[in-house]
Amino acid sequence: EGRARRQLEALGLSSGCGIKVDLDSGAGQPHVALVGPSDAVEEAARLATELFIDPTFLFDRCFVPLDEALLGRLEESRGRAVWEIAAVTGCQVVLERDSDSGPRLALAGPPA
């Protein structure tokens, strides 16, 4: 809830549009009202659409650097260890071999 509201407020600032969020709209889903000049509302709507395409913007993320030995162990058995980490934690887990900072395990999940 807090992260979503902050993301939407930042979106409003970047588009020049006022955004009002009602998380308790009674309709079972949050209600978002865009207020401002038509060009600002259009830009905010475009940015919001891009934001909501990937709901992981709500997730906390962390990255665990991997050395070559650990990378090899995680890749064994077609990545079974990575799948097991995801199953146990409920997080989205991705093995990133080619990140700018070297191999790492990326984890994302709902905030605690």
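This tour proceeds through a predicted model, from its nonpolar cores to a strand pair and then to salt bridges.

**The largest core**

Begin by selecting Leu8, Leu11, Cys17, Ile19, Val21, Ala40, Ala44, Leu47, Ala48 and Leu51. These ten residues form the largest nonpolar core. Colouring by secondary structure then shows the contributors: helix α1 (2–15), strand β1 (18–22) and helix α2 (38–53) each provide at least two residues of this core. Helix α2 gives the largest share, with five residues.

Next, centre the view on Leu47. Once residues up to four places away in sequence are set aside, Leu47 is in contact with Leu11, Ser14 and Ser15.

**A second core**

Now select Leu71, Leu74, Leu95 and Leu105. These residues are among the eight that make up another core, which lies apart from the largest one.

**The β4 and β5 pair**

Leu95 also leads to the next stop, strand β4, which spans residues 92–96. Which residues of β4 lie on its covered face, and which on its uncovered one? Val93 and Leu95 are on the covered face, whereas Gln92, Val94 and Glu96 are on the uncovered one.

Add strand β5 (residues 104–109) to the selection. The two strands run antiparallel, and five bridges join them. To locate one of these pairings, select Gln92 in β4; its bridge partner in β5 is Ala108.

**Salt bridges**

Display the charged side chains next. The structure as a whole contains four salt bridges, and three of them are visited here.

Remain first with the strands and select Glu96 and Arg104. Their side chains form a salt bridge with an N to O distance of 2.5 Å. Glu96 is partly exposed, at 24% relative accessibility.

Return to helix α2 and select Glu43 and Arg46, whose side chains meet in a salt bridge at 2.7 Å, N to O. Because the two residues are three apart in α2, about one helical turn separates Glu43 from Arg46. Glu43 is partly exposed, with a relative accessible area of 28%; Arg46 is also partly exposed, with a value of 38%.

Finally, select helix α3 (residues 68–89) and show Arg80 and Glu84 within it. How far apart in sequence are Glu84 and Arg80? They are four residues apart, and therefore about one helical turn lies between them. Their side chains meet in a salt bridge of 3.0 Å, N to O. Glu84 is partly exposed, with a relative accessible area of 34%, and Arg80 is likewise partly exposed, at 48%.

Notes:
Residues numbered from 1 in each chain as written. Predicted model: local features only at pLDDT ≥ 70, side-chain atom pairs only at ≥ 80, totals over all residues. Heavy atoms only, no water. Core = buried A, V, L, I, M, F, W, Y, C linked by side-chain atoms within 4.5 Å. Buried < 20%, exposed > 50% of the residue type's maximum accessible area, 1.4 Å probe, protein only. Contact = heavy atoms within 4.5 Å. Pairing = 2+ DSSP bridges.
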